[in-house]
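The exercises below each set a task and then work through it step by step. Keep the sequence and the coordinates open while reading.

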Amino acid sequence: MGWDWFWAPEYGPARFVVRRLLALCYAMGFLCVINQFPALLGSRGLTPTPRFLRHVGFRRAPSLFHLHYSDRFVLCCGWFGLSLSVAAFCGLADPLPLWGSMAVWFVLWALYLSIVNIGRIWYAFGWESLLLETGFLAVFLGPPHTEPPVLVIWLLCWLLFRVEFGAGLIKMRGDPAWRDLSALHHHHETQPMPGPLSRVFHQLPGGLHKVEVLANHFTQLVVPFGLLLPQPVATIAALIMIVTQGWLMLSGNFAWLNLITITLAFAAMDTTLLGWIPVDALTPGSALGTAGPMWYRATVLALTVLVAVLSYWPIRNMIGRGQVMNRSFNKLHLANTYGAFGSVTRARFEVVLEGRGEDDEWREYGFRGKPGDVTKRSPQVAPYHLRLDWLMWFVAISPSYGRGWLERLLVAMLRDERRILSLLRHNPFRETAPRYVRARLFRYRFSTAAEKRESGVWWVRTPVSELIPAVSLDDVSPND
């Protein structure tokens, strides 16, 4: 018998799909670095990284940028990570020897870890840790010319179990709306980043909203246990999760959270469903079925023991009364706890930024994804992630989320700092900077069918308060 138990050749197609989808998630992450990091975290960004690195050491935030930092170096790392992700997606790393393939996936993980650990509030989302934890496990999956180790498949399924079951528990514990089945009467309208179809979902009959909630509870609280059962039960459980995640992708924008959850679900599928994928034919020069060397087996065993030990903390969190969402218990983002929407907001509030020029007319700045102009339908953004737009949703709930950067954003508007303003979709002051800027709070709701027919608006909004009164450069310190 020997090491026969160690290998799971029937999961070769699953490994193929998991790595392709994971490479796509990495590509989205590095694309965000290229497009947004300089404005958010660059030397002259909203929350400059050099200042952070001077006060936080490597042990608190492991990152290669402790060795050297410059905005250009971060962009180079972003482009390198994107190129490596595309290469992995295209299968260019598959023909490499075992150690070479592992090195490619380790570099992707280490690069993204380095960025997340200096990203602070802009990278404090659950899908960042989920990408890192999935990416670390994928290092040990091996290329197509080696058989997949069954222990890594189990670890990926265990990660998916924690993602789904943790999310189900936090909903049942966190908000009575999930228990009385009324959560989706509000959620489609008040979620952070609505999508093009969110208004359609919101206007579904109340009975269907209750069915949605029941289906969610079933998928997150019952179905995950199917992952731990023999085939074909595990595959059926994974399929249910994929359908649910597809529904979520249609109803809103959640960056790559849904895509990476679908990625993990494929890890639970054997050749019963994925046998049609000709893995060996898609990887020239591969010889599927070769067992890995002893050092590889020892490494996988060590990984399994490590994850088993680290799993103590997420298990304690899940079974404890004080369960928290999206928490990393170590700086390497391994064996994290997950969960989303433990509470559902009942009303939608939005921060609207405005500027006033010489004509004394207040003009509105437009964001790329979040609701603003009531005549514009919310765009499809996911699996891309608009970090500023997401944080603005939190600011509307509590202004404390904007501490340290919202005022800096207003200053950038007054100074017409194009790098930072590139985060916005529309700048109404293209020739000269505004004399005054302000931030106002509005309440938003989806328009009814009659309102949409009459005026063509997707949203109806009413002013609530002035979040930041009008300020000019005369009110700003030169050091801001």
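**Exercise 1.** In which loop is the place of H333? Describe its backbone and its accessibility, then treat N326 in the same way.

Solution. The model is a predicted one.
Step 1: H333 sits in the loop between α16 and β1.
Step 2: its phi is positive, about 60°, although H333 is not a glycine. Most residues other than glycine have a negative phi.
Step 3: the relative accessibility of H333 is 11%. Buried means under 20%, so H333 counts as buried.
Step 4: N326 is found in the loop between α16 and β1 (348-356). N326 is not a glycine either, and has a positive phi of about 45°.
Step 5: with a relative accessibility of 38%, N326 counts as partly exposed.

**Exercise 2.** Determine how helix α6 packs against helix α16.

Solution.
Step 1: α6 covers residues 150-174 and α16 covers residues 312-319; the angle between them is about 25° and their axes are 10 Å apart.
Step 2: angles under 35 degrees count as roughly parallel, and α6 and α16 are therefore roughly parallel to each other.
Step 3: the crossing of α6 past α16 is left-handed.
Step 4: on the α6 side the contact involves W158, R162, F165, G166, L169 and R173, and on the α16 side P314, I315, N317, M318 and I319.
Step 5: sorted by class, the contact of α6 with α16 holds seven nonpolar, two polar and two charged residues.

**Exercise 3.** Repeat the analysis for helix α5 and α6.

Solution.
Step 1: α5 (residues 126-138) packs on α6 at an angle of about 165°, with the axes 10 Å apart.
Step 2: angles over 145 degrees count as roughly antiparallel, and this is therefore the class of α5 and α6.
Step 3: α5 passes α6 in a right-handed crossing.
Step 4: L130, E133, T134 and L137 of α5 meet V152, L155, L156, L159, R162 and V163 of α6.
Step 5: the residues of this contact divide into seven nonpolar, one polar and two charged.

**Exercise 4.** Locate the cis peptide bonds at P232 and P383, and describe what follows each in sequence.

Solution.
Step 1: most peptide bonds are trans. The bond joining Q231 and P232 is cis, with omega about 5°.
Step 2: P232 lies in the loop between α10 (206-221) and α11.
Step 3: T235 belongs to α11, residues 233-251. The side chains of T235 and Q231 are joined by a polar contact of 2.7 Å.
Step 4: T235 is buried, at a relative accessible area of 5%. Beyond its neighbours within four places in sequence, T235 touches A268, M269, D270 and L273.
Step 5: A382 and P383 are also joined by a cis peptide bond, with omega about 10°. P383 is in the loop between β3 (366-367) and α17.
Step 6: nine of the 11 residues of α17 (residues 387-397) are buried, so the helix is largely enclosed by the rest of the structure. Among the buried residues are W390, W393 and V395.

**Exercise 5.** Characterise the surroundings of S70.

Solution.
Step 1: S70 is in the loop between α2 (49-55) and α3 (71-89).
Step 2: a relative accessible area of 24% makes S70 partly exposed.
Step 3: a polar atom of the S70 side chain lies 3.0 Å from the backbone nitrogen of F73.
Step 4: L31 is 39 residues from S70 along the chain, and their C-alpha atoms are 18 Å apart.

Conventions:
Residues are numbered from 1 along each chain as its sequence is written. This is a predicted model: local features need pLDDT of at least 70, side-chain atom pairs count only at pLDDT 80 or more; totals for chains, interfaces and linings use all residues. Side-chain values use heavy atoms; hydrogens and water are left out. Axes are lines fitted to C-alpha atoms, for helices over the stretch in contact, and angles run from 0 to 180 degrees between N-to-C directions. Helices (H or I, at least four residues) and strands (E, at least two) are DSSP runs, numbered from the N terminus. Angles under 35 degrees count as roughly parallel, over 145 as roughly antiparallel, 65 to 115 as roughly perpendicular and the rest as oblique. A crossing is left-handed if the near helix is turned anticlockwise from the far one by less than a right angle, and right-handed if clockwise. Contact means heavy atoms within 4.5 Å. Ala, Val, Leu, Ile, Met, Phe, Trp, Tyr, Cys and Pro count as nonpolar, Asp, Glu, Lys and Arg as charged, and the others, Gly among them, as polar. Buried means under 20% relative accessible area, exposed over 50%, partly exposed in between (1.4 Å probe, protein chains only). A polar contact is a pair of N or O atoms within 3.5 Å; within protein, one must be able to donate a hydrogen and the other to accept it, and residues adjacent in sequence count only if both atoms are side-chain atoms.
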